[in-house]
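Colleague: I am new to this structure and would like to learn how to read it. Could you take me through helix packing and empty space?

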Amino acid sequence: MSRPSSRSTLYRLIEAGQLAHQALLQPLLERGLEPGDDAILFELGRAGTTEMELAAELGLSEVSLTTRLSRLIDRGLVARQAVGPELAPGIALTERGVRIRNGLADHWTQLEEALMGELKPKQRKKLGDRLKRFVDLLRL
């Protein structure tokens, strides 16, 4: 068996993934946020929700989510308020939270465009499908 080459597609995919991960973490760290906080901000960016629903959506324990939410509330990014048609006790983004969430989303979009910008729509779809299939195979 030959040794892995830095010219192999798999090697480049791993390198690109690691560098993309670092690039996505940078704006979080600059804003004093922790990895995973962006998932909360993105989810709350769609609409306010209850803590239980958010925990289920993100696959977090309620204790873990409560710790993160406390920190985000202290930073003025999230607030407790009534949500939904039943006005259930819940959480939503503050104006500051919306601004930060939008900045993070713009950063994500720029990285996505750097990856896919030269590809035609059909090529983008094929690449996305192939990467999904590869991830699914690795999860078996």
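Colleague: At what angle do helix 2 and helix 3 pack?

Modeller: Two packed helices are described by the angle between their axes and the distance between the axes. In this predicted model, helix 2 and helix 3 (residues 51-58) pack at about 120°, and their axes are 11 Å apart. Helices here are DSSP runs (H or I, at least four residues), numbered from the N terminus. Axes are lines fitted to C-alpha atoms over the stretch in contact, and angles run from 0 to 180 degrees between N-to-C directions. Helix 2 and helix 3 are therefore oblique to each other; under 35 degrees would be roughly parallel, over 145 roughly antiparallel, 65 to 115 roughly perpendicular, and the rest is oblique.

Colleague: Which residues make the contact?

Modeller: Helix 2 brings Ala39, Ile40, Glu43 and Leu44, and helix 3 brings Leu54, Glu57 and Leu58; contact means heavy atoms within 4.5 Å. Of these residues of the contact, 5 are nonpolar, 2 charged and none polar. The classes are nonpolar (Ala, Val, Leu, Ile, Met, Phe, Trp, Tyr, Cys and Pro), charged (Asp, Glu, Lys and Arg) and polar (the others, Gly among them).

Colleague: Now the empty space: how many cavities of 30 Å³ or more does a search find?

Modeller: Rolling a probe the size of a water molecule over the atoms shows where empty space is left. The search of the whole structure finds 1 such cavity, with about 60 Å³ of space. On a 1 Å grid over the protein atoms alone, a cavity is a set of points where a 1.4 Å probe fits but cannot get out, a pocket is an open set with protein on both sides within 12 Å along at least five of seven lines, and lining residues have an atom within 4 Å of a point. Points are joined across faces, edges and corners, and a volume is the space filled by probe spheres set on them. The cavity is lined by Leu24, Pro27, Asp38, Phe42, Leu104, His107 and Trp108, with helix 5 giving the largest share, 3 residues.

Colleague: What volume does the largest pocket have?

Modeller: The largest pocket holds about 710 Å³. Its lining has 19 residues, with Leu13, Ala16, Gly17, Leu115 and Leu131 nearest the centre. Helix 1 gives the largest share of this lining, 10 residues.

Colleague: Any reading notes?

Modeller: Residues are numbered from 1 along each chain as its sequence is written, and side-chain values use heavy atoms, leaving out hydrogens and water. As this is a predicted model, local features need pLDDT of at least 70 and side-chain atom pairs count only at pLDDT 80 or more, while totals for chains, interfaces and linings use all residues.

Terms used. Helices (H or I, at least four residues) and strands (E, at least two) are DSSP runs, numbered from the N terminus.
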